[in-house]
Amino acid sequence: MQKQKIKNKSLVNHRELWIMLIPVLLYFLLFKYLPMGGVIIALQRYSPFKGVLGSPWVGLEYFRQFFTSIYFGRVLKNTLMIGLFDLVFGFPAPIILALLLNGLRNKSFKKITQTVTLLPHFVSYVVVAGIALNMLSPSTGVINAFRVKLGLESIYFMQESKYFWGIFTTMRIIKESGFSAIIYLAALSSIDPTLYEAARCDGASRPQQLKYVTLPGIIPTIIIMFIIKVGKIISISFEQVLLLQNDVILDTSEVISTLVYRRGLVNADYSYATAVGLFETFVALVLVLSSNALARRMKSESYLW
Amino acid sequence: MNHTSGSKTNQKMEIFWTTLIVVTIIAVCLIMLYPFLFTLSASVSDPKSVIRNQVSFFPKGPLSFEGYKILFKNERIWQGYANTIFYTIVGTMVNLALTILAAYPMSRVGFQGYRFINIFVALTMFISATGMMIPLYLVVRGMKLLDSRLAILIVFGAFPYYIILLRSFFQQMPEEMFEAARLDGASEFTLLLKIVLPLSGAALATIGLYYGINRWNGYFWAMIFLRDETKHPLQVVLRELIVLAAMGEEMDASLKRSNTNAEVIKYGAIVLATLPIAVIYPFIQKYFVKGAALGSVKG
């Protein structure tokens, strides 16, 4: 009897559990680990006909080509600048939105407004980009119609490089703020309501309540989200950039990932594109790991307080 | 300062701040809703007023369904719809099946492979999509899966993050329940099917919803993997119809379009693509918020 109790743990049928895992293991091996191994073609002059085993080795040739090309500086700059725009404008937006939503007293109004601000997140980027392009169009766009009414001239927004970062960031903010705000709303709802009562009794105005109760309550969340966001600064979703990009404004809109797409999938320069992708992976990995480590440390510290 | 006047100014300030917040949030909502309202209005406006750029808020001219009439006859749109529904339903089922099959063994106390699987799964989260783009394409090509619907369904079979989320959920179930059932001779498969899954409705709905939205909205890999147009999901069709068309027009704005209906068709297509989501949205919002908040706890 006692023996059986001790062996309770081994009642778990390991063999059955391993059988369950077979499809998943296969999936990860084929579509995650096999491609990871496939990055080796960055060191080869890869030819689809010769395969990974038959293609000649060229060492760091493709990395050298990328680092010395005019693309390197341009693409790195665009990637960082779009990431920076997203950080400077896109990071505070959901915080402000959450504070506004939290400031609403009427429950049903709060619910309706949250529903509205969340909605754009559900809509695909294809649709959002399509709407944006149509609204910005010089001939039939509302924005230019408005400008013409004001006596200004139409602007070819998508043909002038200087507008791209702004347009891209605005699109992302409108689409994602409501969704990102959820995290801050969760943090806000965990603030002890008696703190507000006490503050009100002491005669604190709304701005003072914000300064002394609300902000201190969500600062840990803000800091952690910021650190995580900084870690992702270089990893811009190429699927989003690609939708707004065109050949005329490549000088400000080409980022590392769209370069990989163009050279690799459009021009079939597999090895070169893989080398560029590998460079991004390396930088992104360093950034994400260090930001995660930092965030974890901050988190455990905030538990101590 | 006497007490009553103090609270009066306080009250005034309170009203001021409340009004400011309400006005700001209404402005934000209008900014977010306006593009959709505009699109809807333009899609049912007189095609001529759309081309003359006269629509700003509400439909202009006599209500016209020209665009929709043409769209309803467009086979690619319907084919795209059908494909998207297929990819979303079957794809999400593949996603959930793989996620459950990974999460369950990982959640069992005493499972000897836990550490290995955990690292095996989590490691892949840190590899950037950009770095994997070309090798993944070559793997899929090497497996002769290009131009096959199967590629869309299985290449994005499970996301490590959701596996970890579901594993944590399974771990919270009381262990005694499993032990009792095992003593009664239940196999792990029975445990999963008869005990774990029936108790996981909300968690599965949340994760399934995230997978589903991802399936519904995805365009990039479908565009890369599938050359056969009849297999394209709606988003790929839309990209050609809306994004590429708008780009072309931007490039050559002076060009007089021969087809007056081109604009209303674009707007109508956007409405058709957004409609199902707008209809389902109120019902799934709850799970959606839950999932996002769940993510915040895990960080």
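**Group meeting: where chains A and B meet**

The contact takes 111 residues from chain B and 106 from chain A, where contact means heavy atoms within 4.5 Å. Before going further, a word on the source: this is a predicted model, local features need pLDDT of at least 70, side-chain atom pairs count only at pLDDT 80 or more, and totals for chains, interfaces and linings use all residues. Residues are numbered from 1 along each chain as its sequence is written, chains are lettered from A and ligands numbered from 1 in the order in which they are written, and side-chain values use heavy atoms, with hydrogens and water left out.

Back to the interface. About 9600 Å² is buried between chain B and chain A. Buried area is the accessible area (1.4 Å probe) that two parts lose on being put together, summed over both. Carbon and sulfur atoms give 76% of that area.

Now the polar side. There are 21 residue pairs in polar contact between chain B and chain A, both residues at pLDDT 80 or more. A polar contact is a pair of N or O atoms within 3.5 Å; within protein, one must be able to donate a hydrogen and the other to accept it, and residues adjacent in sequence count only if both atoms are side-chain atoms. On the side of chain B that touches chain A, H1(B) gives the most, with 19 residues. That side divides into 77 nonpolar, 21 polar and 13 charged residues. Here Ala, Val, Leu, Ile, Met, Phe, Trp, Tyr, Cys and Pro count as nonpolar, Asp, Glu, Lys and Arg as charged, and the others, Gly among them, as polar.

How many salt bridges are there between chain B and chain A? The count is 2. The rule is a side-chain nitrogen of Lys or Arg within 4 Å of a carboxyl oxygen of Asp or Glu. B:Glu14 and A:Arg206 meet in a salt bridge, 2.8 Å from N to O. Over all chains, the search finds 17. One lies within chain A: A:Arg172 with A:Asp86, closest N and O atoms 3.2 Å apart. That pair links distant parts of the chain, helix H10 and helix H5 (residues 70–90), 86 residues apart. Helices are DSSP runs (H or I, at least four residues), as are strands (E, at least two), numbered from the N terminus.

Next, the spaces. On a 1 Å grid over the protein atoms alone, a cavity is a set of points where a 1.4 Å probe fits but cannot get out, a pocket is an open set with protein on both sides within 12 Å along at least five of seven lines, and lining residues have an atom within 4 Å of a point. Grid points are joined across faces, edges and corners, and a volume is the space filled by probe spheres set on the points.

The second largest pocket has a volume of about 990 Å³. Of its 34 lining residues, the closest to the centre are A:Leu99, A:Leu101, A:Asn102, A:Gly103 and A:Leu104. Elements giving two or more lining residues include helix H6 (92–102) of chain A and helix H1 (3–43) of chain B. By class, the lining has 19 nonpolar, 8 polar and 7 charged residues.

Last, the cavities. There are 2 of 30 Å³ or more. The largest is about 40 Å³. Its lining includes A:Thr140, B:Phe38 and B:Glu263. The second largest holds about 30 Å³. H14(B) gives the most to that lining, with 3 residues. No charged residues line the second largest cavity.
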